[in-house]
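Student: Hi! Could you walk me through this structure in plain words?
Tutor: Happy to, let's look at it together.

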Amino acid sequence: MAAISSLATLASAGVGIYAQNRAAQQQRATQRAQLQVSQQQDAGRQEQLALQQQAEARARGEQVARTVASARARLAGGGLAVNDGSAAAVTQGLRADAAAGQADSDALFRARLASGRASLLNPDATLTNVLRAIPSFGNAVRNLLD
């Protein structure tokens with residue numbers, strides 16, 4: 001009779017391990033689906049950020065062009081040669097400020113893209129399921145040995 005109960009315990013442990021394995025497979029499938037959705041969302045966010053970055057760069061370029069044209073017109077109206085001396089320094093300074101602003105914007109863009117990346121350390125629960133199964137298997141073995 002003791003052998004039958006030990007076999008029943010072993011069978012019960014086997015069924016428990018099988019059930020845990022099936023649950024783990026379903027969990028992995030769910031995680032894969034969630035990962036795909038997350039990757040699609042990340043791709044959408046990255047595309048949105050890229051389009052926003054391009055629009056800001058285009059707007060900044062147009063604003064700099066208007067500002068430089070306005071400054072050149074004022075300087076030319078004042079009788080200064082717009083390509084020489086202080087007039088050239090003013091327009092060059094405007095362009096340098098715009099380039100620095102674009103560099104800052106590019107750095108922010110790269111930081112936003114980097115922050116949207118998924119971690120490589122996402123758990124897949126493989127080891128967790130094995131560790132959960134060990135106690136029930138150990139109990140079955142202990143009952144067989146008793």
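**Surface and overall layout**

Tutor: The protein chain has an accessible surface of about 10500 Å², and 59% of that belongs to carbon and sulfur atoms. These areas come from the Shrake-Rupley method with a 1.4 Å probe, and for residues only the protein chains shown count as cover.

Student: Anything I should know about the model before we go on?
Tutor: Yes: this is a predicted model, where local features need pLDDT of at least 70, side-chain atom pairs count only at pLDDT 80 or more, and totals for chains, interfaces and linings use all residues. Residues are numbered from 1 along each chain as its sequence is written, and side-chain values use heavy atoms, with hydrogens and water left out.

Student: How many helices and strands are there in the protein chain?
Tutor: The protein chain has three helices and zero strands. Both are DSSP runs numbered from the N terminus: helices are H or I with at least four residues, strands are E with at least two. From the N terminus on, the order is α-α-α.

Student: What share of the residues count as buried?
Tutor: Of the 146 residues, 15% count as buried. Buried means under 20% relative accessible area, exposed means over 50%, and partly exposed is in between (1.4 Å probe, protein chains only).

Student: And what about contacts between residues at least 6 apart in sequence?
Tutor: Among those contacts, 78% join residues at least 24 apart. Contact here means heavy atoms within 4.5 Å.

Student: OK, new topic: what is the average pLDDT?
Tutor: The chain averages a pLDDT of 77, and 78% of the residues score at least 70. pLDDT is the predictor's confidence in each residue, from 0 to 100.

Student: Which elements have the lowest and highest mean pLDDT?
Tutor: Helix α3 (residues 126-145) has the lowest mean, 65, and α1 has the highest, 83. Over residues 118-122 the pLDDT is below 50, and beyond near neighbours in sequence this stretch has one contact in the model.

Student: Let's zoom in on α2. How does its span fit with 1.5 Å a residue?
Tutor: The 31 residues of α2 should span 45 Å, and the end C-alpha atoms are 45 Å apart, which agrees. The expected span is 1.5 Å times one less than the number of residues.

Student: Which residues of α2 are buried?
Tutor: They are A87, T91, A98, Q102, S105, F109 and L113.

Student: Tell me about S105. What is it in contact with?
Tutor: S105 sits in helix α2, which covers residues 85-115. S105 counts as buried because its relative accessibility is 9%. Setting aside neighbours within four places in sequence, S105 is in contact with Q53, E56 and R60. The side chains of S105 and Q53 are also joined by a polar contact of 3.1 Å.

Student: What is a polar contact, exactly?
Tutor: It is a pair of N or O atoms within 3.5 Å; within protein, one must be able to donate a hydrogen and the other to accept it, and residues adjacent in sequence count only if both atoms are side-chain atoms.

Student: Which side chain does Q102 join by a polar contact?
Tutor: That of R60, at 2.7 Å. Leaving out neighbours within four places in sequence, Q102 is in contact with Q53, A57 and R60. Q102 is buried, since its relative accessible area is 18%.

Student: Is L108 buried, exposed or partly exposed?
Tutor: L108 counts as partly exposed because its relative accessibility is 49%. L108 and Q53 are 55 residues apart in sequence, with 9.5 Å between their C-alpha atoms.

Student: Last one: where is G16?
Tutor: G16 is in helix α1 (residues 2-77). At 28% relative accessibility, G16 is partly exposed. The C-alpha atoms of G16 and S136 are 7.7 Å apart, although 120 residues separate the two along the chain.
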